[in-house]
Amino acid sequence: MKPGEISEAALQEDNPTRAFIADAVASGRRYLPLEVNPALASLSALLVESGNGELVIRFTAPRSATQGNGVVGGGTLANMLDLAMAMGVLSQLKPGCTCATISLTVNMQSAGQEGQFIAVAGVDRIGRQIAFAHAKLYDAERSRLIASATSSLAVIPPRP
């Protein structure tokens, strides 16, 4: 095998989430349940649309994610943003590659109530070792910004 080539075994070991989201984006799928992994399924993630370098994903915060004051906990909101940015990066990686968050900065703007949220995520740049992404999280009507985030993700190449 030549340097830089990906082995057949590595392609067969492709991250199923990467393969799923890359195929969904490439084929222009809309309103697609993202049940490909437990983290996405636990928040009832739904790929609403993709295009212009952005992914729009709807999440549903369950009652179990609310605090005593009735608002969704910051960790759940951060998880939604992190997942949205990871999906954006994964959708652009080559087969066999995957990514992992190495830095996450979240800024909360307003309280979010139990129910649906809309995340809009974009990829700023994908390098050989690090990818950079951003996302905004809105209420269900996209009328109120709940939180925003930036992220650095390690790009993990396929094993030779």
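1. In this predicted model, the sulfur of Cys 99 lies 9.8 Å from the closest cysteine sulfur, which belongs to Cys 97, and that separation is too far for a bond. Seen from the other side, the closest cysteine sulfur to that of Cys 97 is the one in Cys 99, again at 9.8 Å and too far for a bond. A disulfide would require the two sulfur atoms to be within 2.5 Å, and the structure accordingly holds 0 disulfides. Both side chains can also be described by their accessibility: Cys 99 is buried, with a relative accessible area of 14%, and Cys 97 counts as buried at 11%.

2. The second largest pocket deserves a separate remark, with about 160 Å³ of space lying in it. It is lined by 11 residues, of which Glu 13, Gly 96, Thr 98, Pro 157 and Arg 159 are the closest to its centre. Sorted by class, the lining is made up of 5 nonpolar, 3 polar and 3 charged residues.

3. On aromatic contacts, a search of the whole structure returns 0 aromatic pairs. A ring does take part in a contact of another kind, since the charged end of Arg 142 sits over the ring of Tyr 138, at 5.7 Å from the ring centre.

4. Arg 142 merits a second look for its backbone, because its phi is positive, at about 60°, although the residue is not a glycine. Its place is the loop between strand E6, residues 130–139, and strand E7, residues 145–156. With a relative accessibility of 43%, Arg 142 counts as partly exposed.

5. Ser 44 also has a positive phi, near 50°, and is likewise a residue other than glycine. The residue is found in the loop that runs between helix H3, residues 38–42, and strand E2, residues 46–51. At 42% relative accessibility, Ser 44 counts as partly exposed.

6. Where does Leu 40 lie, and is it buried or exposed? Leu 40 has its place in helix H3, and at 0% relative accessibility it counts as buried. From Leu 40 to Gly 112 the sequence separation is 72 residues, and the distance in space, C-alpha to C-alpha, is 19 Å.

7. Thr 105 is found in strand E4, which covers residues 98–108. This threonine is partly exposed, with a relative accessible area of 40%. Thr 105 and Gly 115 are 10 residues apart in sequence, while their C-alpha atoms are 23 Å apart in space.

8. Ser 110 is found in the loop between E4 and strand E5, the latter spanning residues 115–126. Its relative accessible area of 23% makes Ser 110 partly exposed, given that buried means under 20%. Along the chain, Ser 110 and Val 71 are 39 residues apart, and their C-alpha atoms are separated by 9.9 Å.

Note on methods. Residues are numbered from 1 along each chain as its sequence is written. This is a predicted model: local features need pLDDT of at least 70, side-chain atom pairs count only at pLDDT 80 or more; totals for chains, interfaces and linings use all residues. Side-chain values use heavy atoms; hydrogens and water are left out. Buried means under 20% relative accessible area, exposed over 50%, partly exposed in between (1.4 Å probe, protein chains only). On a 1 Å grid over the protein atoms alone, a cavity is a set of points where a 1.4 Å probe fits but cannot get out, and a pocket is an open set with protein on both sides within 12 Å along at least five of seven lines; lining residues have an atom within 4 Å of a point. Grid points are joined across faces, edges and corners, and a volume is the space filled by probe spheres set on the points. Ala, Val, Leu, Ile, Met, Phe, Trp, Tyr, Cys and Pro count as nonpolar, Asp, Glu, Lys and Arg as charged, and the others, Gly among them, as polar. Rings of Phe, Tyr and Trp (its six-membered ring) pair if their centres lie within 6.5 Å; planes under 30 degrees apart count as stacked, over 60 as edge-to-face and the rest as tilted. A charge sits over a ring if NZ of Lys or CZ of Arg is within 6 Å of the ring centre and within 35 degrees of the ring normal. Helices (H or I, at least four residues) and strands (E, at least two) are DSSP runs, numbered from the N terminus.
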